[in-house]
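Here are a few exercises to work through with the structure open beside you. Try each task before you read its solution.

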Amino acid sequence: MIILLLGATGLVGRHVLEQALADDRITRLVAPTRRALRQHPKLLNPTASRLEELTHITAITSVDAVICAIGTRISNAGSQTHFRQVEYALPIEFAKAAHEGGAHALALVSAPGASVSAPFFFSRTKGELERDIQHIGFDSVTIIRPGMISGDREEFRLAERIVLPIASFLKPLLPRGLWINPATNIAHVLIAAVMDRRPGLTMLSSRDLVEV
């Protein structure tokens, strides 16, 4: 199988990258990024400062499945316009190009509370992405809504540094849906989803990701 990975430099994406390159079932991993990744015999890493320039190259349009782990914050994006470009426009453009080239399965990392009617811009954008990516035509679509994600981020997030240890300590008292989701687990589920290609739509929440 040949997989297109979006968001390979992020927390979840880095784990997908590592697991996919070690998986003998995956013969090629196509991971477009803005900065070059470490070379690997199975990795094809097209780079461009503007990722939308890569959506229609041959490597993108000849994959079997798509894993989208793109994620940012409005503060990092700089504006709502740029946030929407990263979180909505890029995944839709890449997914359409891959589907037109023959891809049949897609797995997407979304967020709790994603809804087209959400009052918050972040959740509304995620909801619009969920809605529209289902209409592209993939035979198998898996949408994952993780809760708190643990793992080594490249950027410092004060809130996570405070909340994650508390949530870990209180785990025996918390309902399963509020447990921390390790990035390694999410990556495992994403890969399994596109490999299994369950027909139709599969929605997974935080409680489905705590143990795999």
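A residue counts as buried when its relative accessible area is under 20%, as exposed when that area is over 50%, and as partly exposed in between. Keep in mind that this is a predicted model.

**Exercise 1. Find which residues of helix 1 are buried, and decide what this says about the helix.**

Solution. Start by locating helix 1, which covers residues 11-21. Next, apply the cut-off to each residue: the buried ones are L11, V12, G13, H15, V16, L17, A20 and L21. That is 8 of the 11 residues, so helix 1 is largely enclosed by the rest of the structure. For background, buried residues make up 49% of the 212 residues in the chain.

**Exercise 2. Work out the strand order of the open sheet and name its edge strands.**

Solution. Begin with the inventory: the chain has 6 helices and 9 strands. Of these elements, 7 strands build an open sheet with parallel pairing, in the order 3-2-1-4-5-6-9. Now look at the two ends of that order: strand 3 (43-44) and strand 9 (200-205) are the edge strands, each pairing on one side only. For a closer look at one pairing, take strand 1 (residues 2-6) and strand 2 (residues 28-30), which run parallel and are joined by 3 bridges. Within this pairing, I3 has L29 of strand 2 as its bridge partner. Finally, add a helix to the picture: helix 4 (residues 121-134) lies across strand 5 (105-109), strand 6 (140-145) and strand 9, and runs at about 175 degrees to strand 5.

**Exercise 3. Describe the aromatic cluster that contains F83.**

Solution. First, count the aromatic pairs: there are 2. In one of them, the ring centres of F83 and F121 are 5.8 Å apart; planes between 30 and 60 degrees apart count as tilted, and here the angle is 55 degrees, so this pair is tilted. It links distant parts of the chain, with F83 in helix 3 (residues 80-100) and F121 in helix 4, 38 residues apart.

Then take F83 and F122, another tilted pair, at 5.7 Å centre to centre with 40 degrees between the planes. F122 also lies in helix 4, so this pair ties together parts that are 39 residues apart in sequence.

Put together, F83, F121 and F122 form one aromatic cluster. As a last step, check burial: F83 is buried at 0% relative accessible area, F121 counts as buried at 17%, and F122 is partly exposed at 31%.

Methods
Residues numbered from 1 in each chain as written. Predicted model: local features only at pLDDT ≥ 70, side-chain atom pairs only at ≥ 80, totals over all residues. Heavy atoms only, no water. Pairing = 2+ DSSP bridges. Helix = DSSP H or I, 4+ residues; strand = E, 2+ residues; numbered from the N terminus. Contact = heavy atoms within 4.5 Å. Axes fitted to C-alpha atoms, helices over the stretch in contact; angles between N-to-C directions. Buried < 20%, exposed > 50% of the residue type's maximum accessible area, 1.4 Å probe, protein only. Phe/Tyr/Trp six-rings, centres within 6.5 Å; stacked < 30°, edge-to-face > 60°.
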